[in-house]
Amino acid sequence: MKRAKISVIGAGNVGATAAHWAAAKELGDVVLVDIPQIDGVPQGKALDLAEAAPIEGYDALLTGATSYEPTANSDVVIITAGLARKPGMSRDDLLIKNCEIVKSVAEQVAKASPNAVLIVVSNPLDAMVYVAHKVSGFPAKRVVGMAGVLDTARYRSFIAAELGVSVEDIQALLMGGHGDDMVPLPRYTSVGGIPLPELMSADKIDAIVKRTRSGGAEIVGLLKTGSAYYAPSAAAVQMAEAIIKDKKRVLPCAAYCDREYGVGGYFVGVPVKLGTGGVEQIIEVKLTAAEKGLFDASVQHVRDLLKVVKL
Ligand code: APR
């Protein structure tokens, strides 16, 4: 069987760790790309990962580069290029700079890998995934943003710790924008099939939702020199796996919604079915008036962000 090819653009914390998870899971060959100004860094990280392979027992070709030729005809491209947050910064503070970076990356990726599925990680996510879609010219179903898998993973990890149960048994759904205006849906959260509100008080759930909302900022505050990368990269690679293995996983992702949820042509976090074709279906769940209100507010935030972006 021909191995899949995964390219990761941006060989920083998120990118290099995504390359690590992808190789360790034997998802395919991995190409790590960064800018010419740091020539040697993507190559060095790829070589280091290749040298770990005999110890960990994975077979994958690992390549580092500062040009896009080695990425040609990738099946999946994970875009992590861009600045990361420092303490006191919001994701939105990264908008102008990361927009320029994501534009130039998406252009080059589209030329080199016209049939790839793009997974965008760069922040502010819901705006950057829109930029990548417009600039690449790819059909919307082949462009998807990583946010919900990370946000739900944070939420699930906090619930598991609070209840003292396995993280594997927590199923959850969060919708809307990444981070501060995410829409928590406790009634769609279950612990081994038992609805969360039966196991935890409303106050406890609220506290966990609050912590999840600022989960990224909590890590930035601790690291001080950058933002989270283990969980974000693991989330992006879980999405890549669903696509490469055509698993048809149902995961919360930033997907292009037009009539769906009445969004009107923006990317926002919704439950989707992920397979070889990318976003194969957007699943529309019923929201209460309060949940819909939160969701609409987070869509409005994405619209406002994009007003500043010139495409
Ligand atoms: N092309 C390729 N790589 C680029 C480009 C570009 N045009 N511009 C910047 N980069 C690279 C940087 O050289 C750096 O190696 O992107 C990398 C970013 O790495 P880090 O600074 O370590 O940032 P990281 O923590 O990986 O976050 C990257 O993901 O989660 C988001 O908010 C986060 O937007 C940020 C992105």
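Colleague: What makes the side chain of Asn123 a polar contact of the ligand?

Modeller: A polar atom in the Asn123 side chain sits 2.9 Å from an oxygen atom of the ligand. The cut-off for a pair of N or O atoms is 3.5 Å, so this pair counts as a polar contact. Keep in mind that the model is predicted.

Colleague: How do you know that Asp34 and Val14 belong on that list too, and which part of each is involved?

Modeller: For Asp34, an N or O atom of the side chain is 2.6 Å from a ligand oxygen. Val14 uses a polar backbone atom instead, 2.8 Å from an oxygen atom of the ligand. Both distances fall within 3.5 Å, so both pairs pass.

Colleague: How many residues surround the ligand?

Modeller: There are 21, and the closest are Asn13, Val14, Asp34, Leu83 and Asn123.

Colleague: What is special about the peptide bond that joins Asn123 and Pro124?

Modeller: That bond is cis, with omega at about -5°. Most peptide bonds are trans. Pro124 is found in the loop between β5 and α4.

Colleague: And why pick out Asn73?

Modeller: Asn73 isn't glycine, yet its phi is positive, near 60°. Most residues other than glycine have a negative phi. Look for Asn73 in the loop between β3 (62-65) and β4.

Colleague: Which domains does the protein chain have?

Modeller: The assignment gives domain 1, covering 5-145, and domain 2, covering 148-306. Their C-alpha centres are 22 Å apart.

Colleague: How do you know that domain 1 and domain 2 touch?

Modeller: Contact requires heavy atoms within 4.5 Å, and 35 residues of domain 1 meet 42 residues of domain 2 in that way, so the two do touch. About 3300 Å² is buried between them, with carbon and sulfur atoms giving 72% of that area.

Colleague: Why is the pair Glu241 and Lys25 called a salt bridge?

Modeller: Their closest N and O atoms are 3.5 Å apart, and the limit is 4 Å, so the pair qualifies. Side chains of opposite charge can pair when their charged atoms come close. Between domain 1 and domain 2 the count is one salt bridge, along with eight residue pairs in polar contact.

Colleague: Which elements make up the side of domain 1 that touches domain 2?

Modeller: α1 (13-24), β4 (76-79), β5 (117-120), α4 (125-136) and β6 (143-145) supply at least two residues each. Sorted by class, that side has 22 nonpolar, five polar and eight charged residues.

Colleague: How many salt bridges does the rule give in total?

Modeller: Eleven. One of them pairs Asp29 with Arg3, whose closest N and O atoms are 2.7 Å apart, within 4 Å, so it counts. This pair links distant parts of the chain, 26 residues apart: Asp29 is in strand β2 (residues 29-33), while Arg3 is in the segment before β1 (5-9).

Conventions: Residues are numbered from 1 along each chain as its sequence is written. This is a predicted model: local features need pLDDT of at least 70, side-chain atom pairs count only at pLDDT 80 or more; totals for chains, interfaces and linings use all residues. Side-chain values use heavy atoms; hydrogens and water are left out. Domain bounds come from an automatic or database domain assignment. Buried area is the accessible area (1.4 Å probe) that two parts lose on being put together, summed over both. A salt bridge is a side-chain nitrogen of Lys or Arg within 4 Å of a carboxyl oxygen of Asp or Glu. A polar contact is a pair of N or O atoms within 3.5 Å; within protein, one must be able to donate a hydrogen and the other to accept it, and residues adjacent in sequence count only if both atoms are side-chain atoms. Helices (H or I, at least four residues) and strands (E, at least two) are DSSP runs, numbered from the N terminus. Ala, Val, Leu, Ile, Met, Phe, Trp, Tyr, Cys and Pro count as nonpolar, Asp, Glu, Lys and Arg as charged, and the others, Gly among them, as polar. A residue is near a molecule or strand if one of its heavy atoms lies within 4 Å of it.
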